[in-house]
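Me: I am new to this structure and should like to understand the terms applied to it. Please explain each one against its definition.

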Amino acid sequence: MVLAFSHPVWTPARSDRGWTRGMPPPHCSPIRTASHVRATLSEQAPPTPPVSAPPAPPSTEDETVNAYVARPPQTSPTSIDKLVAELGHDPRSGTSPLNSLLANPSDQTVSVHAGERVRTPLNLKAMLDAIHTPIVQSATFTFRSTEDCIEYNRGTYQSYEYARYGNPTTRAVEEKVMALDHAEDCVLSASGMCAVTTMLMALIPENGHIVVTTDCYRRTRQFITTVLPKMGIDCTVLDPADMDGLRRVLETRGADMYFSESPTNPLIRVVDVAEISRICRPHGTVSVIDTTFATPVNFRPIDFGADLVLHSATKYLSGHQDVMCGALAGRADLIKKVKGMLGVMGGVVDPHVSFLISRGMKTLGVRMEAHNRNAAAVAEFLSRHPKVAKVHYPTLESHVDYEVGSRLFQKGFGGVLSFELRGNGDEWSRETFEATGRFVDGLKIPYIGPSLGGCESLVEQVCIMGYFDQPLKERKRLGINNGLVRYSCGIEDTHDLVDDIEQALRFV
Ligand SMILES: *Cc1c(COP(=O)(O)O)cnc(C)c1O
């Protein structure tokens, strides 16, 4: 069912000052106004000019309005009018909408159905004309007839059936992500981890094999190494830059999927998605890139040949640290399988959350500009500070992936950077551990906390936030030393953030 949008007719046709919503400028075709509104306005209107004669240029604002309103109404109904007439209650019937269906409903039936069972044209049109996609907070979607139900199941009548399989508010967000990521389809789920786990369950066969990279979101790695082996699935771990290693693995034993992030957490590595896609494609290996840290504003893996893109929409897409959601976008055949699995696993996102993400995504571009600017400035400042041993952010030439980063990313690398404080010169010493804590506590702007993507800056000493329970041996393997700080820039003023960091470095 395609709804053609036309000029709204149920909003007031004029305000005290002249033009209102829905009034095209005078050179456009005439609009229809609601009959009661037209009656009121024509009292003030001058005599109707003949339709064929082009009206003389109006000399005052009021004349412009009046000449406009006085045009004869269009008699043929718009496509929306036809649809609404078909779906809605006819207000001329003189009874309450529910009475048009049931002659004498009891109070209990009235309280369940009145106002909703039979929708008025006014409400139906307002739902279509609302600037925001309405929050369709409904677990069940119904059919108006047995025929509709049959056609729905045959795929010739498009609608929704049950919210575990889809919801219109959620679909609006999926379409936003698809458009931004240049993807064929998209599926939203209850969290980033839900997107990861559902995707893996849907796309990796029993006894399958998956390639992942070292610097990877911890819970993703945990699922791959502790849950997937129960299905006989095992994984090979490679350095993000190890293209020869990837070629070798695919040529010797093959893989069902290559899964990495770009940029990665917490060392902000950038993977060469163009080369990875070239290597994976001939082997039928599905390439998936988690671009939570980049967002489509900074990087679109699909443009470089990746099959799927994953986002923790909890972060930048929603942008306000108030909801959890995951998004997976890319090849339609793969998304279809994941949607099927989501319908079974059940990790769907609530429509109210989808609404908040839609609202947040409207400012994604301007927020990312601020995150990019802040992180680049902070990285530059820290890279010149004597108390800082190393800064991990790909705008710096010292970063391992500087070359790949400059080739693949045009606008920036997002708000997250990490850096290592020098401390007493030994990155694993207790002195360095304590000095880093003093720095974090000395900061005045960022909150101490995990995550990223909101308007507020956040900071964490990595070894005591995400990796507190990890043995030293494991932290050494991952490069999570005692002086490593992850700083997630919010959208505050750049100078304020840099000044704050400068004053806190006094405590190191
Ligand atoms: C946060 C995050 C996830 C997990 O997403 P949730 O929404 O927290 O479940 C996955 N990947 C990356 C890179 C993340 O930052």
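Me: What is the strand order of the open sheet, and which kind of pairing does it have?

Reply: In this predicted model, the open sheet consists of 7 strands in the order 1-7-6-5-4-2-3, and its pairing is mixed. From one strand to the next, the twist averages 20°.

Me: Why is one side of strand 1 and of strand 3 left without a neighbour in the sheet?

Reply: Strand 1 (185-189) and strand 3 (234-238) are at the edges and have a single partner strand each, so one side of each lacks a neighbour in the sheet.

Me: What makes strand 2 and strand 3 a pair?

Reply: Two strands pair if there are at least two bridges between them. Strand 2 (residues 209-213) and strand 3 are joined over 5 bridges, in the parallel sense, so the definition is met. In one of these strands, strand 3, V237 is the bridge partner of V212.

Me: How do you know that the ligand has a polar contact with D290?

Reply: A polar contact requires a pair of N or O atoms within 3.5 Å. A nitrogen atom of the ligand lies 2.7 Å from an N or O atom in the D290 side chain, and therefore the pair qualifies. The protein covers 95% of the 380 Å² of accessible area that the ligand has on its own.

Me: Which backbone atoms lie 2.8 Å from an oxygen atom of the ligand?

Reply: A polar backbone atom of G192 does, and so does a polar backbone atom of M193.

Me: Which classes of residue form the shell around the ligand?

Reply: The shell has 5 nonpolar, 5 polar and 3 charged residues.

Technical notes:
Residues are numbered from 1 along each chain as its sequence is written. This is a predicted model: local features need pLDDT of at least 70, side-chain atom pairs count only at pLDDT 80 or more; totals for chains, interfaces and linings use all residues. Side-chain values use heavy atoms; hydrogens and water are left out. A polar contact is a pair of N or O atoms within 3.5 Å; within protein, one must be able to donate a hydrogen and the other to accept it, and residues adjacent in sequence count only if both atoms are side-chain atoms. Accessible areas come from the Shrake-Rupley method with a 1.4 Å probe; for residues, only the protein chains shown count as cover. Ala, Val, Leu, Ile, Met, Phe, Trp, Tyr, Cys and Pro count as nonpolar, Asp, Glu, Lys and Arg as charged, and the others, Gly among them, as polar. Helices (H or I, at least four residues) and strands (E, at least two) are DSSP runs, numbered from the N terminus. Axes are lines fitted to C-alpha atoms, for helices over the stretch in contact, and angles run from 0 to 180 degrees between N-to-C directions.
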